[in-house]
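Reader: I'm new to reading protein models. Could we go through this one together, question by question?

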Amino acid sequence: MKTPGASFFEWQRQFGSEIDCLNHLKHMRWPIGFICPRCSCEHSYQLATRDVYECSQCHKQTSITADTLFHGSRIPLAKWFWAIYFLGSDKGSISALRLSKLIEVNWRTARLILSKLRTAMGHRDSLYRLSGIIEIDDALVGGKRKGKRGRGAAGKTPVLVAVESKGKGAGFIAMQAVDSVCHEAVKDFVTRHLNAQQEVHTDGFPALNIIDNTQQHEARVTPSELVDEWLPWVHIAIGNLKAFLLGTFHGVSGKYLQEYLGEFCYRFNRRKMEKEIPNRLLKLAIIHAPVHSY
């Protein structure tokens, strides 16, 4: 089902107050009325002092935000909804500092909101499996340091990248930060993100040979001047990722890198429906299990 697009003024009109956000959340969670998560009873009454519903049968109390991404949050829903809009509507993403100014919270609160949303984005795309002709390569992400360049460079985090090749364009992509590009890491990446027995192209790096076990793997040791002919779309994806990280965040540490990879893939895989992303992200926040802060 197609998700409606969202403009700034439409979002402002629809979610202009806390009550608007609560009513929308209630409608999305219980479109035909309250259903108790414990006993499935459809009858309840609302406690006057809180936004909590008590089941008439088993007396379990359930808040509107329970078991969603907003679970246990003291941040007003209106600020959450606007954070979702700003994150979803800007294809270059948004930094915690900028978001903190836009929704008037401190940097730590803005960072927490973005962390939970990016984690949910990554979880959503982890459900997909790539198929068809797939290009796989690795990249190094991190700040500039003197010394060795390329594989084995110090101070950088390796990232495995897979892209569906659709001839004149790229299909879906998947990215995963790893400690090192080794057989174990590659095997885990392929298991998580690829259907079995797909046609996979790589550059002949020995650690990628493990792909032979589950895929139709073709590896070519390719000169640098010809590598873009053999693996065109995965290199474009890697270039776009680095521009994305440097443009908004000026680099990302290894600790949080997977969050940003999850956001980048979520956006890339929905690049043909950019205007729908805020509403899709809002739905995701409502159906996603709570993400614990750290």
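**Strands, helices and a few odd residues**

Author: Let's start with a matched pair of residues: Val161 stands opposite Met175 in E6. Keep in mind that this is a predicted model.

Reader: Okay, so how many bridges link E5 and E6, and in which sense do they pair?

Author: Strand E5 covers residues 157-165. Its pairing with E6 is antiparallel. The number of bridges between E5 and E6 is six.

Reader: What is the strand order in the sheet they belong to?

Author: This is an open sheet made of five strands, and its pairing is mixed. From one strand to the next, the twist averages 25°. Reading across, the order is E6-E5-E4-E7-E8.

Reader: Why do some strands there have one side without a neighbour in the sheet, and which are they?

Author: It comes down to standing at the edge: a strand there has a single partner strand, so one of its sides is left without a neighbour in the sheet. The two in question are E6 (170-177) and E8 (216-219).

Reader: You said the pairing is mixed. Which strand runs parallel to E4?

Author: In general, strands of a sheet pair through backbone hydrogen bonds, and they can do that parallel or antiparallel. E4 and E5 go the antiparallel way, over nine bridges, and there Ile134 has Glu164 as its bridge partner. On the parallel side, Ile133 stands opposite Glu199. Three bridges make that parallel link, and the strand is E7 (residues 199-202).

Reader: How many residues of E4 are buried?

Author: E4 spans 133-141, and helix H6 lies across it. Helix H9 touches E4 as well. The strand is mostly covered, and of its nine residues the buried ones number eight.

Reader: What angles do those two helices make with E6?

Author: H6 (residues 183-193) lies across E4, E5 and E6, running at about 135° to E6. H9 (residues 257-268) packs on the sheet and touches E4, E5 and E6 too. For H9, the angle with the direction of E6 is about 175°.

Reader: Is Tyr260 buried or exposed?

Author: Tyr260 sits in H9. In sequence it is 139 residues from Met121, but their C-alpha atoms are 9.5 Å apart in space. Buried means under 20% relative accessible area. Tyr260 has 9%, so it counts as buried.

Reader: What about the other sheet, the one with three strands: which of them stand at its edges?

Author: That sheet is open, with antiparallel pairing and the order E1-E2-E3. An edge strand has a single partner, so one of its sides has no neighbour in the sheet; that describes E1 (44-46) and E3 (61-63).

Reader: How many bridges join E2 and E3?

Author: E2 takes in residues 52-55 and pairs with E3 in the antiparallel sense. One facing pair is Tyr53 and Thr62, the latter in E3. The number of bridges is three.

Reader: Which residues have a positive phi although they are not glycine?

Author: Most residues other than glycine have a negative phi, so a positive one is worth a look. One case, at about 70°, is in the loop between helix H3 (77-89) and helix H4 (96-103), and another, at about 60°, is in the loop between H4 and helix H5 (107-125). They are Ser93 and Glu104.

Reader: And which of Ser93 and Glu104 is buried, and which is exposed?

Author: The cut-offs are under 20% for buried and over 50% for exposed. Ser93 has a relative accessible area of 3%, while Glu104 reaches 66%. So Ser93 is buried, and Glu104 is exposed.

Reader: Which residues does Lys283 contact, leaving aside neighbours within four places in sequence?

Author: Lys283 lies in helix H10 (residues 277-287). It is partly exposed, with a relative accessible area of 34%. Its contacts beyond those neighbours are Thr3 and Met28.

Reader: Last one: what share of the whole protein is buried?

Author: The protein has ten helices and eight strands, and its C-alpha trace spans about 70 × 40 × 35 Å along the principal axes. Its exposed area is about 15900 Å². Of its 294 residues, the share that counts as buried is 47%.

Note on methods
Residues are numbered from 1 along each chain as its sequence is written. This is a predicted model: local features need pLDDT of at least 70, side-chain atom pairs count only at pLDDT 80 or more; totals for chains, interfaces and linings use all residues. Side-chain values use heavy atoms; hydrogens and water are left out. Two strands pair if DSSP finds at least two bridges between them. Helices (H or I, at least four residues) and strands (E, at least two) are DSSP runs, numbered from the N terminus. Buried means under 20% relative accessible area, exposed over 50%, partly exposed in between (1.4 Å probe, protein chains only). Accessible areas come from the Shrake-Rupley method with a 1.4 Å probe; for residues, only the protein chains shown count as cover. Axes are lines fitted to C-alpha atoms, for helices over the stretch in contact, and angles run from 0 to 180 degrees between N-to-C directions. Contact means heavy atoms within 4.5 Å.
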